[in-house]
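Here is a brisk report on one protein chain. It goes from overall form to internal space, then to the cysteines.

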Amino acid sequence: IFFRTMSATQAFLRWLVDNGVEGVGGGDSPVALYETEDGERGILAAGPLAAKQVLAAVPLRLAIKDYDTAPISHLVYPGAPWSVRLAAQLMSLRRQAATPWAPYLAVLPKSVPSPLAGFGWRAVKALQYEPIEADLNELVWLATDARQQMQNAGHIKSEEDAELLEWALTLVHSRTFASAAREGGVGVRMMVPLIDLLNHSGDQERGAPGPSAEGRVAATENVEWRLRPPPGGDEGGVWYMELVTLNSVADEEELVLSYGERSNDDFLLHYGFVPPRNPHDDFVLFEDWDAASEWLRTTEGLPGYAVEAAGQVVEVVYREPDEVIRQQPTERQRNRLRLRRRGNRVDPRLKAGVEAAYGGDAAAAQAALGRRCRQLLEGYATSLGGDLRFLCAQAGEVEEQEHALEALRRHYSTVGGPDPVLQVRPEGEEPCDAKAVEPAVLLAVTYRAYKKMILADFLFRGQSNYGVKR
């Protein structure tokens with residue numbers, strides 16, 4: 001890490017201290033801010049830290065918040081989604097010449113490398129995965145609709161205003177925390193100064209790739225956040241967001257937070273990166289049961305009566321979807337039938353439906369889903385072997401170390417034996433012009449390679465874990 005004193009960072013630190021943030025700015029502060037040569041900021045341990053140590057506490061009056069009764073109707077159009085409501089507040093503060101939040105706004109990123117703002121047509125084409133292309137289109141539609149509605153309401157009057165909205169939307173999608181409501185769901189969404197400087201590090205498969213990797217999942221974050229209510233339950237008192245260590249932390253070690261147990265889709269769409277060897281990634285085998293039943297009829301050749309009977313079984317399972325399914329934010333995403341990386345677990349609705357279609361024969365259902373994985377792998381424009389060869393040739397030292405690309409390439413070059421489905425195709429398959437690889441294209445190829453690994457793991461080694469909940 002390249003350390004240097006920056007006026008914006010200094011001003012932000014002074015602003016935190018002046019506004020009652022605990023644990024920063026003093027000679028005995030347990031944390032320190034850093035900035036890299038590229039302008040990336042984060043938080044370091046300013047000395048050895050003990051487990052469960054409270055490092056800092058930010059009064060939530062400093063947070064930029066959205067909630068049902070937030071008084072912001074003058075900033076946004078009726079019915080705007082939460083992200084637009086927060087973005088409108090961020091835009092309003094940015095426009096004010098003397099806003100009290102100026103030191104905070106000055107350390108926010110000038111851009112987030114997410115597909116919404118940072119992907120050209122080459123990078124989008126390189127994704128090669130229809131579900132994320134649909135999600136990206138939905139995100140683009142949200143931004144386009146917000147721009148039009150804000151123009152109609154008089155809140156956007158120039159191209160500069162429109163660019164400010166795009167910037168604000170990428171920021172709120174990547175830096176927002178959510179607190180739970182008493183009645184369930186989300187109560188308050190907020191951007192919290194200081195805490196939102198923390199970079200992500202979450203669950204990660206460790207060691208060499210292979211059948212035992214799923215048993216070597218390690219939590220790599222070292223801090224968490226929690227809310228501290230006012231003393232004595234005073235409803236008019238100040239709430240704080242605290243930063244607390246999960247384990248002991250060495251001096252000058254970066255403090256990192258888990259952004260959640262998410263698929264790579266969420267990380268790429270909203271944060272602009274792909275975490276290494278994420279055990280919570282998944283692959284959408286079918287958009288919904290209708291698509292799966294059509295596949296059973298046309299590709300698998302099952303009789304209509306068997307598929308219809310299977311549909312009745314699926315309807316029963318749909319009534320009680322598991323927690324992972326319920327957490328999906330939209331009905332379309334909840335309907336998707338996925339194969340999860342960890343444990344090669346098939347969505348319980350798809351598992352029940354395919355088994356029912358095959359008359360309760362679990363082995364036949366496993367084999368059918370294996371054929372589906374092969375069909376999807378063969379449908380890609382490039383092979384997993386080709387993608388990993390390309391990444392090993394193009395990635396820098398940091399990417400190689402983070403993702404263990406060479407180890408992955410060696411593993412997946414042998415895992416299928418003589419089966420050609422994972423191997424570099426004889427006719428050649430350069431994913432793009434190797435002389436001018438855009439960072440976004442490299443990111444897209446990394447993303448799709450991990451998707452193909454999920455299919456390969458189920459096809460060649462994972463069916464022994466078929467349906468096991470982990």
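The report below covers the fold, the cavities and the cysteines.

**Overall form.** The model is predicted. Its protein chain carries 18 helices and 15 strands. The radius of gyration is 24 Å, close to the 23 Å from the globule rule for 470 residues, so the chain is as compact as a globular protein of that length. The C-alpha trace spans about 70 × 50 × 45 Å along its principal axes. Buried residues account for 50% of the 470 residues. Among contacts with a separation of 6 or more, 71% join residues 24 or more positions apart.

**Internal space.** How many cavities of 30 Å³ or more are there? The count is two. The largest holds about 50 Å³ of space. Its lining consists of V324, I325, Q328, Q333, R334, R336, R338, R340, D347 and R349. Three elements, α11 (323–326), α12 (331–335) and β14 (337–340), each give two or more residues to this lining. By class, the lining has six charged residues, two polar and two nonpolar.

**Cysteines.** The whole structure has zero disulfides. A disulfide is a covalent bond between the sulfur atoms of two cysteines. Two cysteines are listed here with their accessibility.

| Cysteine | Relative accessible area | Class |
|---|---|---|
| C373 | 0% | buried |
| C392 | 26% | partly exposed |

C373 counts as buried because its relative accessible area, 0%, is under 20%. C392, at 26%, is partly exposed because its value lies between the 20% and 50% cut-offs.

Technical notes:
Residues numbered from 1 in each chain as written. Predicted model: local features only at pLDDT ≥ 70, side-chain atom pairs only at ≥ 80, totals over all residues. Heavy atoms only, no water. 1 Å grid on protein atoms, 1.4 Å probe; cavity = no way out; pocket = protein on both sides within 12 Å on 5 of 7 lines; lining within 4 Å. Points joined across faces, edges and corners; volume = space filled by probe spheres on them. Helix = DSSP H or I, 4+ residues; strand = E, 2+ residues; numbered from the N terminus. Nonpolar A, V, L, I, M, F, W, Y, C, P; charged D, E, K, R; others polar. Disulfide = S-S within 2.5 Å. Buried < 20%, exposed > 50% of the residue type's maximum accessible area, 1.4 Å probe, protein only. Rg over C-alpha atoms; globule rule 2.2 N^0.38 Å. Contact = heavy atoms within 4.5 Å.
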